[in-house]
Amino acid sequence: MTKRILIVDDVEFILDFEAKAIESVKNDAGFSIVVDKASTVTDAKELVEANHYDLIISDMNLPDGTGTEIAKFALDKDESTRIAALTIYPQRYESERGYFDAFFKKPILPSVFKENIKLLLKA
Amino acid sequence: MSNNTEDILNILHVLDTGAVLVEDDLSISWTNKYFDQHYFSDQKNLTDLCRDLKPVEDDNAFLHILEDVKSKKEYADTIIECHLSDNEAVLCDVWIYPMSGERLLLVCQLQTQNKTAHCEALLQMARYDPATTLPNRIYFLEMLEEKLTQQQHPEALLSIMIIDFNELDTYDTVFSITSDELLLLTLKERLTDVSKEHTLFARVAPSKFAIVCETAVTPVKVEKLAQEILHLFYEPISVEGHLVYAELSVGISLYPTDANNAKNLLLKAEKTASAIQKTELNSYGFAHKLPEKNVDKILKISTDLPAAVENEEIFFVFQPQYCLDEGRFCGAELLARWEHPELGFISPEIFIPLAEQTGMIRTVTMKAFMEASKMFKALEGRGIKDFSLSVNISPNMLLYSGFMEDLEFFIESYEMADKPLYLEVTENDFARNFSKMIDALNAIRDMGIKIEMDDYGTGYTSLQYLSKLPIDTLKIDRSFVQDIDSDQQQAVLFKAICDMASALGYDIVAEGVETEAENLVVQQYKNVRVQGYYYSKPLQVNELFELLEKAVVL
């Protein structure tokens, strides 16, 4: 079984960090994981259009829009996709919480992030 | 004896009136100095004493009153006829207080004495802190107000210094009550040494002492006194086998600059001490240098910290290290810097302690690991080998349960397993949670990471401990290098530390080499790595590469 995850962030080192953390989850998850990366809302939408994602983890504050736009777009296409938001200020997006399965508070620590990924992929 | 009773007896001991503590079986377990000098000296129990302390009205009345106080636990007083040591019979007022454990406290006042000892005793209790017998907050304010009204020259300077011990209350949970008392008394004793030249010394809150300086006060002198106070606590306090490292801050307010009444002067000094405590422990500051805005600034810094890491406002510079035996730059220490878009450069001395308090230090450290990994790759790309990188670690990180997992993740995912990576832990950190720290450091070394003991020589590591610590490198504090060329004692100490470190098999780094003269001395030690402005200031990545590519031989 293969799970496909999309990670969206405009900060390169965070994108790299998330990819590495997911990679290390893969080692003890018992299934293979494919990770795609995007840095903008536009790129993310293109990838969502072209692929089925089990999980999308998106930064909320992107150069050309917000993570909520990606969430709406992905849910319109496939309601089964799990979506997590990554933000420093979760309280700012309280009204948009309904579009997300989880809010991860930034900055992220590997141990906490990995645990959250496992939970979302299981659910 | 209960804690409370002991406190009261401490106060009564110095009073100009007789006081006696009577046990349940009517034996006398304690008498104060005045009683010993003026009353009888050979009574072994109260029955004997009663032969001489005859109630005026009824022979048995006195004993009945005592029994009454014991059973009802209510205070009583009476008049007795009493024989003094010269056998003279005089009337004596006696106040009888019930104490814990069926004991009684008798305060005796000869009617020939003018003042009312009873009132005096109560006044003492209201004005003094029982544990330290120092004036308490109320009395301190009263005395300070009196001093201010006596100030003849309105421009005369007077300073109030608050010595605020961090988390002193929590020692209660660690120590027994007796140890807690001893700790307080030791704090008082150390402070008494510096405060004796000054007029007021008080305990104004459970963890706060106050000193007032009023003669020939200049800000420089006050500053010197603050430094002296901090210096007093560099060494740990030994309390019943425990070593306590006191963390303190000193807040100073000046009269009339900061306020013109006692209450506000005290409050300003206290506020300054607690503001300092939030940013830097074991430091001091003046109230007038801490405008209200500063508090807002600190709040803003705390709020902006999480975003600062992500926005790369917090970045790292590299302090190069030079290997004397190889004649080349062979490593660098990563130092965090913060360029805030509105506030400008924020000193690490401010934001690192805040990051520690808010838990953000974990993220800052993670970022340091990422930078180290990026740097190792860049060095490899340029063909530079055997170049070590050191990352500073806060002791809180080591004790945080997820840290080992996070570190493991970085080592594996960022391919640092075979890289010369060092974690720097300051010497003083070892003193806290010693066994947990040792376990954590052993686990880190098992991952192939080396440990450097930072600021060696400023802490309290005993030589016995030093040989047992799981470390690879001793980093000798800059204070041992400063003026090493002109100060013979410094040179001797430096040599002794180097010899000892070599004998124990540790590598050595000398910090703070700033002048050519200092370098000439340090250069004699070929096995030492050196860092400091003489070799290079902290550099940005591109500057570091420029330095390395020049292949400087110094």
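Author: Helices (H or I, at least four residues) and strands (E, at least two) are DSSP runs, numbered from the N terminus. Ile7(A), for one, is found in strand E1 of chain A, residues 2-8. This is a predicted model, where local features need pLDDT of at least 70, side-chain atom pairs count only at pLDDT 80 or more, and totals for chains, interfaces and linings use all residues. Residues are numbered from 1 along each chain as its sequence is written, chains are lettered from A and ligands numbered from 1 in the order in which they are written, and side-chain values use heavy atoms, with hydrogens and water left out.

Reader: Okay, why is Ile7(A) called buried?

Author: Buried means under 20% relative accessible area, exposed over 50%, and partly exposed in between (1.4 Å probe, protein chains only). Ile7(A) has 0%, so it counts as buried.

Reader: And what makes Leu15(A) a contact of Ile7(A)?

Author: Contact means heavy atoms within 4.5 Å. Leaving aside neighbours within four places in sequence, Ile7(A) has several such partners, including Leu15(A), Glu18(A) and Ile57(A).

Reader: Why is the pair of Tyr534(B) and Tyr535(B) called edge-to-face?

Author: Rings of Phe, Tyr and Trp (its six-membered ring) pair if their centres lie within 6.5 Å; planes under 30 degrees apart count as stacked, over 60 as edge-to-face and the rest as tilted. Here the centres are 5.2 Å apart and the planes stand at 90°, so the pair is edge-to-face.

Reader: Which of the words buried, exposed or partly exposed fits Tyr534(B), and which fits Tyr535(B)?

Author: Tyr534(B) has a relative accessible area of 28%, so it is partly exposed. Tyr535(B) comes out at 7%, so that one is buried.

Reader: How do you know that Arg92(A) lies over the face of Tyr89(A)?

Author: A charge sits over a ring if NZ of Lys or CZ of Arg is within 6 Å of the ring centre and within 35 degrees of the ring normal. Arg92(A) is at 3.8 Å from the ring centre of Tyr89(A). Arg382(B) lies over Phe545(B) too, at 4.0 Å.

Reader: Back to chain A: what makes E6(A) and E7(A) a strand pair?

Author: Two strands pair if DSSP finds at least two bridges between them. E6(A), residues 82-87, is joined to E7(A) by 4 bridges, and the two run parallel. One of the bridge partnerships is Ala84(A) with Ala102(A).

Reader: Where do those strands sit in the sheet?

Author: The order is E2-E1-E3-E6-E7 in chain A, an open sheet of 5 strands with parallel pairing. E2 (32-38) and E7 (102-105) each have a single partner strand, so one side of each is left without a neighbour in the sheet.
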